[in-house]
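Here is a walk through one protein chain, taken a few residues at a time. Keep the sequence and the model open while reading.

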Amino acid sequence: LLILAVAAFFVLATSAPEGVDTASPKIGLRVIYLGHPQSPRARDFVGFLEKHFRKVGQGDLDTFRESDTAGYDVTILDYDELKVVNKHIQMPKTVVSRQYLRPTVTIGATGALVCERLGLKTGYL
């Protein structure tokens, strides 16, 4: 009986009814990723996002403007290339005004710098 039960489990676990799509539908959000576009990190992020979200855009954090986020529901600000020269962090000077109202995820040092400039407490968590 144990062998029959195990066999039945594997048959049921590996089969799906015909016509049923087992893939998850994409999330209906439009997401833009702004970072260092040529980096492996950016390619990985964008590839992941494209699998899970309806529309995915990409841009360069070096040239970020708030207007770049028009037409997107969520913005991701990230940068993987962090250089320290003479005890100072060198990276894009991302400017986000207090009038900027888009839902935004900040990652790494970019997030810390943006949050610090805006006086937010989420800088270096």
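With which side chain does the side chain of Thr69 make a polar contact? The partner is the side chain of Arg102, at 3.3 Å. This is a predicted model, and the values below are computed from it.

Before going further with Thr69, it helps to have the outline of the chain. The secondary structure consists of three helices and six strands. Read from the N terminus, these elements follow the order α-β-α-β-β-β-β-β-α. The chain has 125 residues, of which 30% count as buried. The exposed area of the chain is about 8900 Å², and carbon and sulfur atoms supply 60% of that area. Among contacts with a separation of 6 or more, 65% are between residues 24 or more positions apart. Several of the pairs described below link distant parts of the chain, including Tyr33 with Phe45 and Arg30 with Asp73.

Thr69 belongs to the loop between strand S2 (53-60) and strand S3 (74-77). Is Thr69 buried or exposed? Its relative accessibility is 1%, and because buried means under 20%, Thr69 counts as buried. Besides the contact with Arg102, the side chain of Thr69 reaches the backbone oxygen of Glu66, at 2.8 Å. When neighbours within four places in sequence are left aside, the residues in contact with Thr69 are Ile32, Phe64, Thr75, Tyr100 and Arg102.

Two of these residues, Phe64 and Tyr100, lead on to the aromatic rings. The structure holds two aromatic pairs. One of them is formed by Tyr33 and Phe45, which are stacked, with 5.1 Å from centre to centre and 25° between the planes. Tyr33 is in strand S1 (residues 27-35) and Phe45 is in helix H2 (residues 40-52); the two are twelve residues apart, and the pair links distant parts of the chain. The two rings are covered to unlike degrees: Tyr33 is buried, with a relative accessible area of 1%, whereas Phe45 is partly exposed at 25% relative accessibility.

The other pair joins Phe64 and Tyr100 in an edge-to-face arrangement, 6.5 Å from centre to centre and with 80° between the planes. Phe64 lies in the loop between S2 and S3, while Tyr100 lies in the loop between strand S5 (88-90) and strand S6 (104-106), so this pair ties together parts that are 36 residues apart in sequence. Phe64 counts as buried at 4% relative accessibility. Tyr100 is buried as well, with a relative accessible area of 13%.

Another ring has a charge as its partner. The charged end of Lys55 sits over the ring of Tyr72, at 4.8 Å from the ring centre.

Charges also meet one another. How many salt bridges does the count come to? The count is two. In one, the side chains of Arg30 and Asp73 meet at 2.7 Å, N to O. Arg30 is in strand S1 and Asp73 is in the loop between S2 and S3, so that 43 residues separate them in sequence and the pair links distant parts of the chain. Arg30 is partly exposed, with a relative accessible area of 25%, and Asp73 also counts as partly exposed, at 23% relative accessibility.

The other salt bridge is between Arg41 and Asp78, whose closest N and O atoms are 2.7 Å apart. Arg41 lies in helix H2 and Asp78 in the loop between S3 and strand S4 (83-85), so the pair ties together parts that are 37 residues apart in sequence. Here Arg41 is partly exposed, with a relative accessible area of 33%, whereas Asp78 is buried, with a relative accessible area of 0%.

The last stop is another threonine. Thr94 has its place in the loop between S5 and S6. Thr94 is buried, with a relative accessible area of 3%. Apart from its neighbours within four places in sequence, Thr94 is in contact with Leu61, Phe64, Leu77, Thr110, Val114 and Arg117. Phe64 thus appears once more: this residue is in contact with Thr94, is in contact with Thr69, and forms an aromatic pair with Tyr100.

Technical notes: Residues numbered from 1 in each chain as written. Predicted model: local features only at pLDDT ≥ 70, side-chain atom pairs only at ≥ 80, totals over all residues. Heavy atoms only, no water. Helix = DSSP H or I, 4+ residues; strand = E, 2+ residues; numbered from the N terminus. Buried < 20%, exposed > 50% of the residue type's maximum accessible area, 1.4 Å probe, protein only. Polar contact = N/O pair within 3.5 Å; in protein donor to acceptor, adjacent residues only side chain to side chain. Contact = heavy atoms within 4.5 Å. Areas by Shrake-Rupley, 256 points an atom, 1.4 Å probe, with all protein chains shown as cover. Phe/Tyr/Trp six-rings, centres within 6.5 Å; stacked < 30°, edge-to-face > 60°. Lys NZ or Arg CZ within 6 Å of the ring centre and 35° of its normal. Salt bridge = Lys/Arg side-chain N within 4 Å of Asp/Glu carboxyl O.
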